[in-house]
Amino acid sequence: MPYTPGTDLGGRRADLGALELGAVDTAGVAWHLQTIEGWDGADQRSEYSSRQSDHGTWASPVYLSQRPMALEGKIEAPSLALLDAAMEQLRAAASLTDTTLIVYETVPKQATVRRSGKPLIKPVTDRIAEYSIAVTAEDPRRYSTVLQSQSTGLPSVTGGLTLPITMPITISTTSTGGSITLSNAGTIGTRPIFTLTGPAALPVIVCQDPSGATFQLAYSQSLGSGDTLVIDTGAHSVILNGSVSRRPFLSAQPYWPEIAASSSLSVSWTASAYDPAALLTGTARSAWM
């Protein structure tokens with residue numbers, strides 16, 4: 001049966017890169033998505049050691065492993081030529097490099113995946129083919145498709161004392177800028193990315209969670225005007241101007257900050273000298289298990 005381009009086929013929808021599954025594309029090809037195996041959860045890594053002279057075991061911390069997934073469904077095309085083109089499009093979408101997989105739940109979520117198995121595409125007729133595509137997310141978290149981003153300059157102080165003075169006196173100052181708050185509405189911790197734009201001399205970022213615990217990222221170099229330093233707390237990378245690693249010059253104490261599940265992180269920063277052009281930008285996505 002012919003399909004109208006742009007029609008939603010019902011059920012779950014997903015995008016594998018630019019390929020829209022669960023809908024009819026502009027050529028009238030219907031991309032049916034039947035299941036996404038593995039989207040419901042990832043395996044975990046843990047160890048258990050028997051307790052001596054007692055019942056039970058000692059449990060290690062539990063961590064999630066990678067998330068292997070299989071996207072399964074059916075392609076219906078108006079012609080054999082369009083079916084052949086659709087099958088090639090599907091093989092290309094299951095890329096060997098990082099590709100964004102978006103699943104349209106009530107709260108849409110995404111993961112970064114790569115091909116992890118042979119694409120299984122079986123023509124049934126000259127108009128219909130069944131498919132099963134294996135991909136794996138190195139990071140098992142399912143992230144919000146909405147990227148939150150906040151920016152702030154260095155803290156500045158206005159007001160104070162001006163000479164000469166006449167007694168009695170009142171000294172009042174106002175401090176502005178220098179802090180942002182990032183939140184995580186999900187069910188597992190997520191790691192923010194900080195971007196520093198110079199000039200900034202010996203910048204220090206301080207993060208504090210609602211419990212009062214603090215984390216400090218101190219950069220022992222200075223940024224010149226126009227320099228950009230990207231600190232990825234998940235990858236533990238520090239990149240200057242898009243290409244140069246500066247990881248040895250960053251101290252993370254006591255460890256890299258994380259935004260806990262259903263929580264927030266207050267972020268402030270300072271530098272050894274004030275410059276109105278300096279800027280800190282924090283970005284994060286809520287994350288789910």
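## Strands, cores and pockets in a predicted model

T195 stands opposite V230 in strand 24. That pair is one small piece of a predicted model. Five bridges join strand 19, residues 193-197, to strand 24, residues 228-232. The two strands run antiparallel.

**The open sheet**

Strands 19 and 24 belong to an open sheet of six strands. The order across the sheet is 15-29-19-24-25-26, and the pairing is antiparallel. Which strands stand at the edges? They are strand 15 (148-152) and strand 26 (244-245). Each has a single partner strand, so one side of each is left without a neighbour in the sheet.

**Strand 13 and its partners**

Now turn to strand 13, residues 128-137. Strand 13 pairs with strand 9, strand 11 and strand 12. The table lists each pairing, with one facing pair of residues.

| Pairing | Bridges | Sense | Facing residues |
|---|---|---|---|
| Strand 9 with strand 13 | ten bridges | antiparallel | I75 and A129 |
| Strand 11 with strand 13 | three bridges | antiparallel | V113 and A137 |
| Strand 12 with strand 13 | four bridges | antiparallel | K122 and E130 |

Strand 12 covers residues 120-123. Strand 12 and strand 13 form a hairpin, with four residues between them.

**The nonpolar cores**

The largest nonpolar core has 29 residues. Those with the most contacts inside this core are W31, I75, L90, L101, V113 and Y131. Where does the core draw its residues from? Several elements each supply at least two, among them strand 4 (30-37), strand 9 (67-76), helix 1 (80-93) and strand 10 (99-103). Strand 11 and strand 13 are also on that list. I75 thus appears twice here: it is in the core, and it is the bridge partner of A129. V113 also has two roles, as a core residue and as the residue opposite A137.

Look at Y131 up close. Leaving aside residues up to four places away in sequence, Y131 touches L21, H32, L33, L71, E72, G73, K74, I75, L90, L120 and I121. I75 and L90 are in that set, and both are among the core residues with the most contacts.

There is also a second, separate core of 26 residues. This core includes L217, I231, L240 and A252.

**Two pockets**

Rolling a probe the size of a water molecule over the atoms shows where empty space is left. The largest pocket holds about 730 Å³ of space. The pocket is lined by 23 residues, and the closest to its centre are D139, R141, Y143, D232 and G234. Strand 11 (109-115), strand 13 and strand 29 (279-284) each supply at least two lining residues. Which of the strands gives the most? Strand 11 does, with five residues. The lining of the largest pocket has eight nonpolar, seven polar and eight charged residues.

The second largest pocket holds about 260 Å³. R45, V62, Y63, L64, D139, P140, R141 and I188 line this pocket. Five of the lining residues are nonpolar, none is polar and three are charged. D139 and R141 are in this lining, and they are also among the residues closest to the centre of the largest pocket.

**Unusual backbone spots**

Two cis peptide bonds come next. One joins G198 and P199, with omega about 10°. P199 sits in the loop between strand 19 and strand 20 (200-201). The other runs from Q253 to P254, with omega near -10°. P254 sits in the loop between strand 27 (250-253) and strand 28.

Two residues other than glycine have a positive phi. L202 has a phi near 50°. L202 is in the loop between strand 20 and strand 21 (204-208). S262 has a phi of about 50°, and S262 lies in the loop between strand 27 and strand 28.

**Neighbours in sequence: S262 and S263**

Is S262 buried or exposed? S262 counts as exposed because its relative accessibility is 61%, and the cut-off for exposed is over 50%. L202 is at 42%, so L202 is partly exposed.

S263 lies in strand 28, residues 263-270. S263 counts as buried because its relative accessibility is 18%, and buried means under 20%. Leaving aside residues up to four places away in sequence, S263 touches S183, N184 and P210. How far apart in space are S263 and D275? They are twelve residues apart in sequence and 32 Å apart in space, C-alpha to C-alpha.

Note on methods
Residues are numbered from 1 along each chain as its sequence is written. This is a predicted model: local features need pLDDT of at least 70, side-chain atom pairs count only at pLDDT 80 or more; totals for chains, interfaces and linings use all residues. Side-chain values use heavy atoms; hydrogens and water are left out. On a 1 Å grid over the protein atoms alone, a cavity is a set of points where a 1.4 Å probe fits but cannot get out, and a pocket is an open set with protein on both sides within 12 Å along at least five of seven lines; lining residues have an atom within 4 Å of a point. Grid points are joined across faces, edges and corners, and a volume is the space filled by probe spheres set on the points. Ala, Val, Leu, Ile, Met, Phe, Trp, Tyr, Cys and Pro count as nonpolar, Asp, Glu, Lys and Arg as charged, and the others, Gly among them, as polar. A nonpolar core is a set of buried Ala, Val, Leu, Ile, Met, Phe, Trp, Tyr and Cys residues joined through side-chain atoms within 4.5 Å. Buried means under 20% relative accessible area, exposed over 50%, partly exposed in between (1.4 Å probe, protein chains only). Contact means heavy atoms within 4.5 Å. Two strands pair if DSSP finds at least two bridges between them.
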